[in-house]
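Student: I am new to this structure and would like a close look at a single part of it. Please pick one helix and then show me what lies elsewhere for contrast.

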Amino acid sequence: MARRTKEEAEQTRAQILVAARRVFHERGVSHTTLEHIAHAAGVTRGAIYWHFANKRELLQALCDDVTIPFIDRLDYTLLQDCGTDALTRIRNFMTQLVQSLDDERLRTVMEILEFKCEFVGERSEDLRDWATHSQELIAKLERTYTQAQDQGMLRADISPHCAALHTKCFLSGLMRMRLMGLPDLSSTDQLCAVIDAHVRSQTCPSRDP
């Protein structure tokens with residue numbers, strides 16, 4: 001009986017997350033209430049409060065549900081794939097990240113975060129978290145570009161830190177335009193060509209990977 005109750009609770013939580021993803025995307029975060037989500041999930045508000053303290057916690061769970069396993073895979077590609085040179089790891093990392101938007105669940109969550117919510121009031125803390133995550137990614141990129149520098153692959157006139165900032169800005173813009181559905185970035189071949197061009201801009205001319 002206890003196992004069945006636990007399974008039922010997990011099923012209810014999953015229903016709530018599915019409904020929240022759909023309603024947040026349709027209405028926007030600020031115009032969505034827990035009542036809206038409860039109605040879409042076919043549960044009571046009490047059921048939502050059993051799993052989530054508030055809307056902010058529900059949104060965070062929605063993000064964690066799709067991003068944590070994916071981030072772990074990307075970290076391996078960028079930092080731990082020792083059989084691949086540093087610049088190729090950066091290229092592979094960006095390609096995997098952008099192509100991940102082909103996954104409907106992940107793309108929907110990314111669209112919610114990018115276009116369907118405001119970082120004001122209680123969510124201002126989330127904006128600070130985003131800044132922290134950006135700094136963490138810049139640090140990982142800098143670490144990888146430092147390895148590229150040690151391998152003689154990074155352009156001599158670019159520091160690893162500057163290269164990391166350049167790539168973070170490039171990647172943020174690329175992701176946003178892909179989420180917007182820009183036709184020029186709709187094909188895998190075009191995406192790869194744009195990413196390759198960015199990596200070449202960082203590469204020592206004699207060591208184009």
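Tutor: What follows is a look at helix α5, then at two residues outside that helix. The model is predicted, and the protein averages a pLDDT of 90, with 96% of the residues scoring at least 70. Among its elements, the lowest mean pLDDT, 86, belongs to helix α4 (residues 55–80), and the highest, 96, to helix α2 (residues 34–41).

Helix α5 covers residues 86–99. Its 14 residues, at 1.5 Å a residue, should span 20 Å, and the end C-alpha atoms are 20 Å apart, so the expected and modelled spans agree. Of those 14 residues, 11 are buried, so α5 is largely enclosed by the rest of the structure. The buried residues include Ala86, Leu87, Ile90, Phe93, Met94, Leu97 and Val98. Thr88, Arg89, Arg91 and Thr95 are buried in α5 as well.

Another buried residue is Thr203, with a relative accessible area of 4%; buried means under 20%. Thr203 is in the segment after α9, and its side chain reaches the backbone oxygen of Val199 at 2.7 Å. Between Thr203 and Leu59 there are 39 Å, C-alpha to C-alpha, and the two are 144 residues apart in sequence.

Met180 gives the contrast. Met180 lies in the loop between α8 (160–179) and α9 (188–202). Its relative accessible area is 54%, so Met180 is exposed, the cut-off being over 50%. Together with Phe115, Met177 and Leu182, Met180 makes a nonpolar surface patch of about 350 Å².

Methods
Residues are numbered from 1 along each chain as its sequence is written. This is a predicted model: local features need pLDDT of at least 70, side-chain atom pairs count only at pLDDT 80 or more; totals for chains, interfaces and linings use all residues. Side-chain values use heavy atoms; hydrogens and water are left out. Patches are made of residues with over 30% relative accessible area and no salt bridge: like charges are joined within 9 Å, nonpolar side chains (Val, Leu, Ile, Met, Phe, Trp, Tyr) within 5 Å. Accessible areas come from the Shrake-Rupley method with a 1.4 Å probe; for residues, only the protein chains shown count as cover. A salt bridge is a side-chain nitrogen of Lys or Arg within 4 Å of a carboxyl oxygen of Asp or Glu. Helices (H or I, at least four residues) and strands (E, at least two) are DSSP runs, numbered from the N terminus. Buried means under 20% relative accessible area, exposed over 50%, partly exposed in between (1.4 Å probe, protein chains only). pLDDT is the predictor's confidence in each residue, from 0 to 100. A polar contact is a pair of N or O atoms within 3.5 Å; within protein, one must be able to donate a hydrogen and the other to accept it, and residues adjacent in sequence count only if both atoms are side-chain atoms. The expected span of a helix is 1.5 Å times one less than its number of residues.
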